[in-house]
Amino acid sequence: MRLKVGKGNLYDDLRRQILTMELDPDQDLDEVILSERYGLSRTPVRDVFRRLAGEGYLDIKENKGARVAPMNHATLRNFFLVAPMIYAAVGRLAVQNFKADQLEELARCQERFRAASEDADVTAMVLENNRFHEIIGEMSGNVYLRPSLNRLLIDHARIGNTFYRPQSKEMTLRLRQSVEHHDGFISAIAARDEQTVVDLVFDHWELSRDTMEMYIAPQAMQADALVDGPTSLLVEKIS
């Protein structure tokens, strides 16, 4: 099936597929197949690859082509170390620098996010949540923090696919609270209430952290112990 052609469509589609985990971390991208699918020569495909690599979505290795950015131990450790600090700094600056049209766009994005949560539309929730926090980054107006925020949001979105597939009542409640937190961000920014925004950043982070950790270290599958005389096969739980 042929998709919409053009560099812009290739960029948008690859970005979406990476954020929603349609493309796995470390997955290789076939330049030839994408050229044919989008009706492009290989030069504009490479241009898109370079743009996405510069934004943190892809890795490009000489003589090895492009692959989706990995999520290995080192990247995830760094993610958990710095994400709350960067989100808090961005939130403070957003309160100080936002423009009225940005606040309106944030509210529209929140309505789409709310509708997606009510419809249990995982893809839309991932993308609208990502856009919500991108807009707050744009509000900050800081050329140093925004690239760091946008890089964090890539992995946050990929890990967050678990958050948007609740498997218990508690997880469902957390998802509802996440929607309410977004409302709180909008109100606090509009009121230029910097401390409330920062408090919400940390509340919002704690809300999803356990679920993100579940993505990294899922519970072990249940298995029966096999007994052979005095010897038992022990099944260890992933931790």
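**Exercise 1. State where Arg-174 and Glu-170 lie and how their side chains meet.**

Step 1. Arg-174 and Glu-170 are both part of helix α8 (residues 169-190), four residues apart, which is about one turn of the helix. Helices here are DSSP runs of H or I with at least four residues, numbered from the N terminus. The model is predicted: local features need pLDDT of at least 70, side-chain atom pairs count only at pLDDT 80 or more, and totals for chains, interfaces and linings use all residues. Residues are numbered from 1 along each chain as its sequence is written, and side-chain values use heavy atoms, with hydrogens and water left out.

Step 2. The two side chains form a salt bridge with an N to O distance of 3.1 Å. The term requires a side-chain nitrogen of Lys or Arg within 4 Å of a carboxyl oxygen of Asp or Glu.

Step 3. Arg-174 counts as buried, at 15% relative accessibility. Buried is under 20% relative accessible area, exposed is over 50%, and partly exposed lies in between (1.4 Å probe, protein chains only).

Step 4. Elsewhere, salt bridges with shared partners link Arg-15, Glu-105, Arg-131, Glu-134 and Glu-138 into one network. The structure holds 20 salt bridges.

**Exercise 2. Describe the salt bridges of Arg-16 with Asp-13 and of Asp-47 with Arg-50.**

Step 1. The side chains of Arg-16 and Asp-13 meet at 3.8 Å, N to O. Both residues are in helix α1 (residues 7-19); because they are three residues apart, about one helical turn separates them.

Step 2. Arg-16 is partly exposed, with a relative accessible area of 27%, whereas Asp-13 is buried at 17%.

Step 3. In the bridge of Asp-47 with Arg-50, the closest N and O atoms are 2.4 Å apart. This pair lies in helix α3 (residues 42-55), three residues apart, again about one turn of the helix. Asp-47 is partly exposed, with a relative accessible area of 28%.

**Exercise 3. Describe how α6 packs with α7.**

Step 1. Two packed helices are described by the angle between their axes and the distance between the axes. The axes of α6 (residues 122-140) and α7 (residues 145-160) come within 10 Å and cross at roughly 170°. α6 is therefore roughly antiparallel to α7. Axes are lines fitted to C-alpha atoms over the stretch in contact, and angles run from 0 to 180 degrees between N-to-C directions. Under 35 degrees counts as roughly parallel, over 145 as roughly antiparallel, 65 to 115 as roughly perpendicular, and the rest as oblique.

Step 2. The crossing of α6 and α7 is right-handed; that is, the near helix is turned clockwise from the far one by less than a right angle, while anticlockwise would be left-handed.

Step 3. Among the contact residues are Val-126 and His-133 of α6 and Leu-149 and Leu-153 of α7. Contact means heavy atoms within 4.5 Å.

Step 4. By class, the residues of this contact are four nonpolar, five polar and three charged. Ala, Val, Leu, Ile, Met, Phe, Trp, Tyr, Cys and Pro count as nonpolar, Asp, Glu, Lys and Arg as charged, and the others, Gly among them, as polar.

**Exercise 4. Give the geometry and contact residues of α6 with α5 and with α8.**

Step 1. The axes of α5 and α6 come within 9 Å and cross at roughly 165°, so α5 is roughly antiparallel to α6. Their crossing is left-handed.

Step 2. Residues that meet include Leu-106, Cys-109 and Phe-113 in α5 and Phe-132, Ile-135 and Ile-136 in α6. This contact has 11 nonpolar, four polar and five charged residues.

Step 3. The axes of α6 and α8 come within 13 Å and cross at roughly 20°, so α6 is roughly parallel to α8. This crossing is also left-handed.

Step 4. Phe-132, Ile-136 and Met-139 are among the residues of α6 that meet α8, where Phe-185 and Ile-189 are among the partners. Eight nonpolar, three polar and no charged residues make up the contact of α6 with α8.

**Exercise 5. Place Ile-154 and list what it touches.**

Step 1. Ile-154 lies in helix α7 and is buried, with a relative accessible area of 1%.

Step 2. Not counting residues up to four places away in sequence, Ile-154 touches Ile-18, Leu-19, Glu-55, Gly-56 and Tyr-57.

Step 3. Ile-154 and Glu-55 are 99 residues apart along the chain, and their C-alpha atoms are separated by 9.3 Å.

Definitions and conventions
Helices (H or I, at least four residues) and strands (E, at least two) are DSSP runs, numbered from the N terminus.
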